[in-house]
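Biologist: Please put the chain on screen. I would like to go from the overall fold to single residues.

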Amino acid sequence: MSDKSQFKAAYPYQNDVLALPVLDIDQAAQWYATHFGMTESGRSQSPVPTVLMERNGTQIGFTVNGGDATQDGAAILVSDIHSMKQELDKNGVNTSDLRLEKQDGQDLQVFFVVAPDGLCYYFHAPL
């Protein structure tokens, strides 16, 4: 993993970045480890199956909670948007083109990923 492409923070689209809905936590853990370079940092079965994944101290959790993955995901702040996109592309992730956005008066470079589980990720870094 490149030192340039680090996760700095993750923010939920819906309610909880530690409880993103998936159908199978084992599949989620494997996919995010392989494709996003994350490591498993915790797992529980109660009250519902949940796995916590981490990268650079930033945690994202996946849970079998009956939620609609196509309506959820996370915004991930990264340290180097170009290195992150290159890494994900190299890992076989289907990324969108880079584009510029303005958010709260700040210029950002962004790209999107829709994971196989349906969750959407908004990777962003300030210019």
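Biologist: How many helices and strands does the chain have?
Modeller: This is a predicted model, in which local features need pLDDT of at least 70, side-chain atom pairs count only at pLDDT 80 or more, and totals for chains, interfaces and linings use all residues. Residues are numbered from 1 along each chain as its sequence is written, and side-chain values use heavy atoms, with hydrogens and water left out. Helices (H or I, at least four residues) and strands (E, at least two) are DSSP runs, numbered from the N terminus. Along the sequence the pattern reads β-β-α-β-β-β-β-α-β-β-β, and the count is 2 helices and 9 strands.

Biologist: What is the radius of gyration of the chain?
Modeller: The radius is taken over C-alpha atoms, and the globule rule is 2.2 Å times the number of residues to the power 0.38. The C-alpha atoms fill a box of roughly 40 × 30 × 25 Å along the principal axes. For 127 residues, a compact globule would come near 14 Å, so the chain agrees with the rule at 14 Å.

Biologist: What percentage of the residues count as buried?
Modeller: Buried means under 20% relative accessible area, exposed over 50%, and partly exposed in between (1.4 Å probe, protein chains only). The chain exposes about 6700 Å², with 48% of it from carbon and sulfur atoms (Shrake-Rupley method, 1.4 Å probe; for residues, only the protein chains shown count as cover). Of the 127 residues, the buried share is 43%.

Biologist: Which element gives the most to the largest nonpolar core?
Modeller: A nonpolar core is a set of buried Ala, Val, Leu, Ile, Met, Phe, Trp, Tyr and Cys residues joined through side-chain atoms within 4.5 Å. The largest has 31 residues, and Tyr32, Phe36, Phe62, Ile76, Tyr121 and Phe123 have the most contacts inside it. β1 (7–12), α1 (25–36), β4 (50–55), β5 (58–63), β6 (73–78), α2, β8 (106–114) and β9 (120–126) each supply at least two residues. The most, 6 residues, come from α1.

Biologist: Tyr121 is on that list. With which side chain does the side chain of Tyr121 make a polar contact?
Modeller: Tyr121 sits in strand β9 and is buried, at 0% relative accessibility. Leaving aside neighbours within four places in sequence, its contacts (heavy atoms within 4.5 Å) include Phe36, Phe62, Ala74 and Ile76. A polar contact is a pair of N or O atoms within 3.5 Å; within protein, one must be able to donate a hydrogen and the other to accept it, and residues adjacent in sequence count only if both atoms are side-chain atoms. At 2.9 Å, the partner is Tyr32.

Biologist: How far apart are the C-alpha atoms of Tyr121 and Ala74?
Modeller: Along the chain, Tyr121 and Ala74 are 47 residues apart. Residues 24 or more positions apart account for 58% of the chain's contacts with a separation of 6 or more. For Tyr121 and Ala74, the C-alpha separation is 5.1 Å.

Biologist: Is Thr95 buried or exposed?
Modeller: Thr95 lies in the loop between α2 (81–90) and β7 (99–103). Its side chain has polar contacts with the side chains of Lys85 at 2.7 Å and Asp89 at 2.5 Å. Beyond four places in sequence, Thr95 also touches Leu88, Phe111, Phe112 and Val113, among others. Its relative accessible area is 13%, so Thr95 is buried.

Biologist: Which residue in the turn between β7 and β8 has a positive phi?
Modeller: β7 and β8 run antiparallel, joined by 5 bridges (strands pair if DSSP finds at least two). Glu101 has Leu108 in β8 as its bridge partner. The hairpin has 2 residues between its strands. One turn residue is exposed, at 81% relative accessible area, and has a phi of about 50 degrees: Asp104.

Biologist: Which residue in the loop between β4 and β5 is partly exposed?
Modeller: Most residues other than glycine have a negative phi, and most peptide bonds are trans. The residue in this loop has a positive phi of about 55 degrees although it is not a glycine. With a relative accessible area of 35%, it is Asn56.

Biologist: Which residues does a cis peptide bond join?
Modeller: Pro47 is in the loop between β3 (39–44) and β4. Omega is about 5 degrees for the bond joining Ser46 and Pro47.
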